[in-house]
Amino acid sequence: MVGNRSKDTGPEIRLRRELHRRGLRYRKHTKLEVLGNRWSVDIAFPSQKVAIFVDGCFWHGCPEHMTWPKANAEWWHEKIERTRARDRDTTARLLTAGWHVIRLWEHEPADAAADRIEARLAESIAVRVRA
Ligand SMILES: [Zn+2]
């Protein structure tokens with residue numbers, strides 16, 4: 001499945017639809033200064049500073065579903081490793097800037113993913129109210 005790596009993948013759309021159904025309002029493909037405006041956050045809740053990434057099983061090397069292409073194996077390993085390094089860097093930058101980061105695999109069911117996100121948002125709001 002050396003497909004496209006476009007935004008708006010099926011799993012991401014299903015998750016956004018589920019969030020919307022629950023009345024959660026987000027921004028999609030948000031570029032942030034802290035990321036140098038180079039990479040965008042798949043789904044962002046800016047006021048709660050919660051950033052969601054829906055990582056594709058192939059491109060981000062999911063341990064459960066990764067099937068390495070046999071042709072150009074070395075090239076692919078390097079490519080996927082670069083993506084993972086970039087993911088770690090993106091997460092680190094966001095954490096440093098006070099964001100909470102949730103990384104999901106595209107194989108995670110939308111409703112379970114939405115549960116996690118909803119719980120996290122509720123926590124962020126509770127922290128703000130206490131402060
Ligand atoms: Zn997977």
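## Side-chain contacts and a zinc site

The charged end of Arg 103 sits over the ring of Phe 53, at 4.2 Å from the centre of that ring. In a comparable arrangement, the ring of Trp 39 has the charged end of Arg 86 over it, 3.9 Å from the ring centre. These contacts, like everything else described here, come from a predicted model, and the values that follow are computed from its atoms.

The zinc ion offers a good place to continue. Its coordination involves Cys 57 through SG, Cys 62 through SG, His 65 through ND1 and His 107 through ND1, at distances of 2.0 to 2.4 Å. The angles among these four donor atoms run from 102 to 119°, and the site is tetrahedral. That label applies because four donors count as tetrahedral when all angles lie between 85 and 135 degrees, a range that holds the 102 to 119° found at this zinc ion. For orientation, the ideal angle for four tetrahedral donors is 109.5 degrees. Along the sequence, the donor residues follow the spacing C-x4-C-x2-H-x41-H. Cys 57 and His 107 thus link distant parts of the chain, 50 residues apart: Cys 57 belongs to the loop between strand 3 and helix 2, whereas His 107 belongs to the loop between strand 4 (100–105) and helix 3. Cys 57 counts as buried, because its relative accessibility is 6%, while His 107, at 29% relative accessibility, counts as partly exposed.

The aromatic residues come next, and the structure holds five aromatic pairs. One of them is formed by Phe 58 and Trp 59, whose rings are edge-to-face, with 5.2 Å from centre to centre and 85° between the planes. Phe 58 and Trp 59 are both buried. Another pair joins Trp 59 to Trp 76 in a tilted arrangement, where the centres are 5.9 Å apart and the planes make an angle of 50°. This second pair links distant parts of the chain, since Trp 59 is in the loop between strand 3 (50–55) and helix 2, Trp 76 is in helix 2, and 17 residues separate them. Trp 76 is buried, as is Trp 59. Taken together, ring pairs link Phe 58, Trp 59, Trp 75 and Trp 76 into a cluster.

Among the charged side chains, the count of salt bridges comes to 12. The table below lists some of them, with the N to O distance of each.

| Acidic residue | Basic residue | N to O distance |
|---|---|---|
| Glu 118 | Arg 22 | 2.7 Å |
| Asp 89 | Arg 93 | 2.9 Å |
| Glu 81 | Arg 84 | 3.2 Å |

The salt bridge of Glu 118 with Arg 22, with its closest N and O atoms 2.7 Å apart, connects distant parts of the chain: Glu 118 lies in helix 3 (residues 110–130), and Arg 22, 96 residues away, lies in the loop between helix 1 (10–21) and strand 1 (27–31). Glu 118 is partly exposed, with a relative accessible area of 31%, and Arg 22 is partly exposed as well, with a relative accessible area of 24%.

The other two tabulated bridges lie within helix 2. Glu 81 and Arg 84 are both part of helix 2 (residues 73–96), where they stand three residues apart, about one turn of the helix. Glu 81 has a relative accessible area of 36% and is partly exposed, and Arg 84, with a relative accessible area of 27%, is also partly exposed. Arg 93 and Asp 89 are separated by about one helical turn, because they are four residues apart in helix 2. Arg 93 counts as partly exposed at 39% relative accessibility, and Asp 89 is partly exposed with a relative accessible area of 34%. Elsewhere, salt bridges that share partners join Glu 18, Arg 21, Arg 22, Asp 115 and Glu 118 into one network.

Finally, the backbone deserves a look. Lys 49 is not a glycine, yet it has a positive phi of about 55°; Lys 49 lies in the loop between strand 2 (40–45) and strand 3, and it is partly exposed, with a relative accessible area of 34%. Asn 72, also a residue other than glycine, has a positive phi near 55°. Asn 72 is found in the loop between strand 3 and helix 2, and it counts as exposed because its relative accessibility is 57%.

Notes: Residues are numbered from 1 along each chain as its sequence is written. This is a predicted model: local features need pLDDT of at least 70, side-chain atom pairs count only at pLDDT 80 or more; totals for chains, interfaces and linings use all residues. Side-chain values use heavy atoms; hydrogens and water are left out. A salt bridge is a side-chain nitrogen of Lys or Arg within 4 Å of a carboxyl oxygen of Asp or Glu. Buried means under 20% relative accessible area, exposed over 50%, partly exposed in between (1.4 Å probe, protein chains only). Rings of Phe, Tyr and Trp (its six-membered ring) pair if their centres lie within 6.5 Å; planes under 30 degrees apart count as stacked, over 60 as edge-to-face and the rest as tilted. A charge sits over a ring if NZ of Lys or CZ of Arg is within 6 Å of the ring centre and within 35 degrees of the ring normal. Donors are N, O and S atoms within 2.8 Å of the metal (3.2 Å for Na, K and Ca); water is not among the atoms, so sites may look incomplete. Four donors count as tetrahedral if all angles lie between 85 and 135 degrees; four count as square planar and six as octahedral if opposite donors are over 155 degrees apart and all others between 65 and 115; anything else is irregular.
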